[in-house]
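User: Hello! I am new to this structure and would like to go through it step by step. Could you help me?

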Amino acid sequence: MIYYFSICFAIIFIVFVILLVRNNKLDEKYSILWLIFSILVIILALCTKVLDKISSFLGIFYAPALLFLFGFIFVIFYIIHLSTVVTKQNKSIIRLTQEIAILKNIINKNDNDNDNDNVNNNYKDTEVK
Amino acid sequence: MKKMDKKVLIIIPAYNEEECIYDVVSNISKVASFADILVVNDGSSDNTYNELLRLEVNFLNLPINLGIGGAVQAGYIYAYNNNYDFAFQLDGDGQHNPKYIKEMLDILIKKGADMVIGSRFVEKTSYNQTFLRSIGNKFISFIIKLLSGKKIYDTTSGFRGVNKEIIKIFASKYPYDYPEPDTNMQIVLKGKNIKEIPVEMNKRNTGKSFVSPIKSIEYMLKVSLALFIAKIRKEN
């Protein structure tokens with residue numbers, strides 16, 4: 001029974017991930033790992049013999065527990081991966097903030113120096129939709 | 001003093017310093033008239049920005065609060081872009097007396113130091129500190145000595161001057177969380193020369209540095225961790 005549940009859950013999960021990607025809520029590169037993971041869960045749940053063998057090899061009496069173990073390990077690695085993504089974004093934000101401050105400083109100086117409107121026009125170009 | 005042929009920038013990070021930034025900056029510009037001043041307003045939520053306008057000082061206005069590391073680095077990037085020969089950093093709360101800048105600059109120019117630190121502990125100064133804080137500073141100092149082989153007495157001082165080479169290094173990479181001990185050690189590990197001079201610290205004009213015992217210990221542990229990581233970090 002637990003295997004059927006795992007398979008159902010994995011399928012729902014795959015559909016959910018694909019919908020997120022379709023609606024631009026999730027980047028493809030982050031979806032790939034989730035999809036691979038779901039497919040792995042399905043394969044393992046279908047090939048119960050393989051699962052049983054690995055479990056007995058590892059000394060796990062209750063084979064589905066192995067499924068959870070895999071899931072758990074995967075989730076931990078994925079969280080670490082996300083932490084690295086956050087770190088990278090944080091660095092980018094800091095650098096962008098600094099650059100913005102420096103650019104504004106230059107713009108203000110230009111404004112004070114020659115009091116013409118060119119600079120203001122340039123400013124408008126950067127507007128985002 | 002004869003006319004300077006070197007460009008010197010004084011970087012003053014300021015976060016919510018509306019009460020004292022005016023006095024601090026006008027004092028610095030009086031004492032160190034040979035240098036350019038750049039205040040970095042680190043996303044202050046108070047009136048600091050208007051005070052800076054009133055001062056008519058050159059400043060960077062960070063739209064988001066980045067913390068001390070990001071703010072000071074913005075200053076170093078500015079120094080690098082504008083080709084400054086030397087850069088100093090002083091806190092915006094008036095703790096650091098600008099009268100020492102000239103002496104520190106002399107050490108950078110004449111004694112060939114790459115970085116000079118205004119230190120509270122090289123000699124006995126009247127800076128009174130809590131017991132825990134003193135232990136903390138000694139401990140961090142010890143860790144740096146252990147990892148780099150160089151004794152730096154005041155590793156957490158935010159009163160520093162650097163030459164052009166270090167400006168370039170800081171502009172490209174500067175830690176965000178505990179910048180002073182971390183960068184001090186990195187500079188030593190790069191084989192650069194750090195000198196310390198004793199300085200008297202002023203009492204803070206405003207604000208209180210709160211040091212609860214738990215905070216001190218937390219700080220010590222975090223800095224130590226940051227230092228160990230800095231030691232094993234790959235250059236990129």
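User: In what order do the seven strands of the open sheet in chain B lie?

Analyst: Happy to help; please keep in mind that this is a predicted model. In chain B the sheet is open and its pairing is mixed. The twist from one strand to the next averages 20°. Read across the sheet, the strand order is 3-2-1-4-6-5-7.

User: Which strands of chain B stand at the edges?

Analyst: An edge strand has a single partner strand, so one side of it is left without a neighbour in the sheet. In chain B, this holds for strand 3 (59-62) and strand 7 (194-198).

User: Which residue is the bridge partner of Gly118(B) in strand 7 of chain B?

Analyst: Strand 5 of chain B covers residues 115-119 and runs parallel to strand 7 of chain B, with five bridges joining them. For Gly118(B), the bridge partner in strand 7 of chain B is Ile197(B).

User: At about what angle does helix 3 of chain B run to strand 1 of chain B?

Analyst: Helix 3 of chain B spans residues 68-81 and lies across several strands of chain B, including strand 2 (36-42) and strand 4 (86-89). Strand 1 (8-14) is also one of those strands, and the angle between helix 3 and strand 1 of chain B is about 155°.

User: How many residue pairs are in polar contact between chain A and chain B?

Analyst: The contact takes 13 residues from chain A and 18 residues from chain B. About 1300 Å² is buried between the two chains, and carbon and sulfur atoms give 62% of that area. Salt bridges between chain A and chain B number zero. Counting pairs with both residues at pLDDT 80 or more, the number in polar contact is six.

Notes:
Residues are numbered from 1 along each chain as its sequence is written. Chains are lettered from A and ligands numbered from 1 in the order in which they are written. This is a predicted model: local features need pLDDT of at least 70, side-chain atom pairs count only at pLDDT 80 or more; totals for chains, interfaces and linings use all residues. Side-chain values use heavy atoms; hydrogens and water are left out. Contact means heavy atoms within 4.5 Å. Buried area is the accessible area (1.4 Å probe) that two parts lose on being put together, summed over both. A salt bridge is a side-chain nitrogen of Lys or Arg within 4 Å of a carboxyl oxygen of Asp or Glu. A polar contact is a pair of N or O atoms within 3.5 Å; within protein, one must be able to donate a hydrogen and the other to accept it, and residues adjacent in sequence count only if both atoms are side-chain atoms. Two strands pair if DSSP finds at least two bridges between them. Helices (H or I, at least four residues) and strands (E, at least two) are DSSP runs, numbered from the N terminus. Axes are lines fitted to C-alpha atoms, for helices over the stretch in contact, and angles run from 0 to 180 degrees between N-to-C directions.
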